[in-house]
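Here are my notes for you on this one. Keep the structure open beside them and look up each residue as you read.

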Amino acid sequence: MTIRNLLIAGACVSLLPVAASAQTRTPMPAPAALPTPTVGATVLDSAGTPIGTIASITPQAIVLDVDGTKIAVPPTSVGGTDKGLEMAMTKQALVDAQAQQAAAAKAAVMARLTPGTPVAGLNGAPIGTIKATGDDMVTLTTSKGEAKLPATGFTTNATGQLIIGMTAEQLDAAMAGNGSAEPAATAEPEATPQ
């Protein structure tokens, strides 16, 4: 029994210096926190080239300002690294993807510019229907008469409605002033690379 008590006591004694020395060691530094997306932050591409800055953040998208063009990307596509915020694609690939989506969206709108198609204003309120199209102009029939509008003034809203770049009231005022209306330049729909 004495030998057993000595072994147990020896084991305890040998643990004490280890425990004591562990308390005096300098702790390992915590890893640096990776950056998170914030408005105004610069985002780099996979090659380390700045893509642009973050213009806005929603749960659905991070909108990047890329040389003056707003491009919406999924929030999961922008991540923090030790170099900063990065995307897994190059700036050129992002710009090309946005241009392809903008062209596809424009073609889809142009295909909808057919007689009988209902048109709404910026606020979604009905304005009228398309009477005729031709030579880059669209004739719109409204409750106040007809208005000729440039085809480039049409787009779709988030719900897919065909809209023009003004409200019904603005169109009525423009028609009362000079007999025709020119909608405000509509913003290009924000594209999300697939």
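1. Start with T139 and its company. Leaving out residues up to four places away in sequence, T139 touches T129, I130, K131, A132, E146, A147 and K148. Bear in mind that this is a predicted model. You'll find T139 in strand β9. Is T139 buried or exposed? It counts as buried, because its relative accessibility is 13% and the cut-off for buried is under 20%.

2. Now look at the strand next door. Strand β9 covers residues 137–142, and six bridges join it to β8, with the two running antiparallel. Across that pairing, A132 stands opposite T139; A132 is also one of the residues T139 touches. The two strands make a hairpin with two residues between them. In that turn, D135 has a positive phi of about 50 degrees.

3. β8 has a partner on the other hand too. Strand β7 (residues 118–120) is joined to β8 (residues 126–134) by three bridges, and this pair is antiparallel as well. To find the pairing on screen, pick A120: its bridge partner in β8 is P126. How many residues lie between β7 and β8 in their hairpin? There are five, and G124 in the turn has a positive phi of about 90 degrees.

4. A further hairpin is worth a visit, the one made by β3 and β4. These strands pair in the antiparallel sense over five bridges, and D65 has K70 in β4 as its bridge partner. Two residues sit between the strands. D67 is in the loop that links β3 and β4, and its phi is near 55 degrees, a positive value in a residue other than glycine. Is D67 buried or exposed? D67 counts as exposed, because its relative accessibility is 64% and the cut-off for exposed is over 50%.

5. On to helix α2, residues 91–112. Its 22 residues reach 32 Å from the first C-alpha to the last, close to the 32 Å expected at 1.5 Å a residue. Which residues of α2 are buried? They are L94, A97, Q98, A102 and V109. These residues cover an arc of only 135 degrees around the axis, so they lie on the same side of α2. A bit of background helps here: an α-helix has 3.6 residues a turn, so residues three or four places apart point the same way. On the face turned away from the buried side, you'll see the exposed residues Q100 and A111.

6. What covers that buried side of α2? The cover includes β2 (50–57), β3 (62–66), β4 (69–73), β11 (154–156) and β12 (162–164). Take L94, which has its place in helix α2. L94 is buried, because its relative accessible area is 0%. Try a distance check as well: L94 and I71 are 23 residues apart in sequence, while their C-alpha atoms are 8.5 Å apart in space.

7. Next, the nonpolar cores. The largest one has 17 residues, and F154, I164 and L171 touch the most other members. Two or more residues of this core come from each of β8, β9, β10 (145–150), β12 and α3 (168–178). Which element gives the largest share? That is α3, with three residues. Apart from this core lies another, of 13 residues, among them I54, L64, I71 and L85.

8. Stay with F154 for a moment. Leaving aside neighbours within four places in sequence, F154 is in contact with V109, L113, V119, V138, L149, L162, I163 and I164. V109 should ring a bell: it is one of the buried residues of α2.

9. Finally, step back to the whole chain. There are three helices and 12 strands. Of the 194 residues, 30% are buried. Among contacts with a separation of 6 or more, residues 24 or more positions apart account for 44%. The chain exposes about 11800 Å², and carbon and sulfur atoms supply 61% of that.

Conventions
Residues numbered from 1 in each chain as written. Predicted model: local features only at pLDDT ≥ 70, side-chain atom pairs only at ≥ 80, totals over all residues. Heavy atoms only, no water. Pairing = 2+ DSSP bridges. Helix = DSSP H or I, 4+ residues; strand = E, 2+ residues; numbered from the N terminus. Buried < 20%, exposed > 50% of the residue type's maximum accessible area, 1.4 Å probe, protein only. Contact = heavy atoms within 4.5 Å. Areas by Shrake-Rupley, 256 points an atom, 1.4 Å probe, with all protein chains shown as cover. Expected span 1.5 Å × (residues − 1). Arc of directions from axis to C-beta. Core = buried A, V, L, I, M, F, W, Y, C linked by side-chain atoms within 4.5 Å.
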